[in-house]
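User: I am new to this structure and would like to go through it in a few questions. Please show it before we start.

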Amino acid sequence: MTGELILGGIVLLGSCVQWLTGMGFALVAVPALVLLLGPAQGVVLANCAAGAICVVGLAGGWRRVRPRAMVPLCLAAALTVPAGSWVARRLPPAELLVLLGALVTVAVVVVMRGARLPALRGTRGAVAAGAAGGFMNSAAGVGGPPVSLYALNAGWTVREFVPNALFYGVVVNAFSVASNGVPHLGSARWGVVVTGMVVGASIGRVLAERVPEQRARMLVLLLALTGGLTTLGKGLWGLG
C-alpha cells in the first residue's frame, strides 16, 4: 500500500508541474520512478504517462504546431530511439542508474544556464536536438531538454514553445513506448497512476493562475536536479 501511495504522489507531482509550466513531468518524475520501480520500469512508465499528458495538452493547441520545425526534430528522434533502448537494455542496473542520473543532471544544468549554441539553429539544429532527445527519451525518459534548448536558440516565445513541445512529446514517447514496451503494472497500480495524473492536472491548472511562470519553472528544475543527483549517487554507490 505504501508503494502505491508513493507512486501516486510521484505521478501527481509530475503531472502537476507539467500543467503548471508546460514542461517537467519526466524531469521531476523519472528519477523518483526509477528509484521506486527500477530503471527499466520507471523509464517506460514515464514514457507512457508523459505521452498521455502531451496528447491531452495538445488537443487545444495543435493549430500552433510548426510542421517545418517538427518534421526534422521528430524524424531524427525516430532514428535514435532504438539506440537509446539498446543501450538501456544492455547496461547493468547500477550503470543504468548512473547514466539516468547523469543525463537528468546534465540536462537540467544546461537548461538552467540557458545555453546559446549556434549549432542548435535552423534545420541542422532541429536534427541535432531531435536526435539527442530521442536517445535520451528512450534511454532515460527525459527527451525534452534538447528541444527546450533548440527553442531557446530559435527565439521561440513560451506561447510558441508549448504546443510544439507537446507535439514532440506525443511523437517521441510513442516511438519510445513502441521500442521499450509498456510497464508491467497490476490493475491497482494503473488505477493509482491514472488518478495521480488527473488530480495532478487539476492542481496544476489551478496553480498556473496563481504562481509566476518563471518561479514555477525554477522550482521544477531544482526538483529535477535533486532527483538526478540522488539517482546518480545511488548508481555510484551500487558500482562501489
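Analyst: The questions below deal with a salt bridge, a surface patch and one helix of this predicted model.

User: How many salt bridges does a search of the whole structure find?
Analyst: Arg189 and Glu4 form a salt bridge, their closest N and O atoms lying 3.4 Å apart. That is within the 4 Å allowed for such a pair. A search of the whole structure gives a total of one.

User: Which helices hold Arg189 and Glu4?
Analyst: The salt bridge between Arg189 and Glu4 links distant parts of the chain, 185 residues apart. Arg189 is in helix H9 (residues 187–208), and Glu4 is in helix H1.

User: Is Arg189 buried, partly exposed or exposed?
Analyst: Buried means under 20% relative accessible area and exposed means over 50%. Arg189 has 24% relative accessibility, so Arg189 counts as partly exposed. Its partner Glu4 has 22%, and therefore Glu4 is also partly exposed.

User: Which residues form a nonpolar patch on the surface with Leu13?
Analyst: Leu13 is located in helix H1 (residues 2–21). With 36% relative accessibility, Leu13 counts as partly exposed, and patches take residues with over 30%. The patch has about 240 Å² of accessible area together, and the residues that join Leu13 are Leu219 and Leu223.

User: How many of the 20 residues of H3 are buried?
Analyst: Helix H3 covers residues 39–58 and reaches 28 Å from its first C-alpha to its last, close to the 28 Å expected. H3 is mostly covered, and its number of buried residues is 14.

Note on methods:
Residues numbered from 1 in each chain as written. Predicted model: local features only at pLDDT ≥ 70, side-chain atom pairs only at ≥ 80, totals over all residues. Heavy atoms only, no water. Patch = residues over 30% accessible without salt bridge, like charges linked within 9 Å, V, L, I, M, F, W, Y side chains within 5 Å. Areas by Shrake-Rupley, 256 points an atom, 1.4 Å probe, with all protein chains shown as cover. Salt bridge = Lys/Arg side-chain N within 4 Å of Asp/Glu carboxyl O. Helix = DSSP H or I, 4+ residues; strand = E, 2+ residues; numbered from the N terminus. Buried < 20%, exposed > 50% of the residue type's maximum accessible area, 1.4 Å probe, protein only. Expected span 1.5 Å × (residues − 1).
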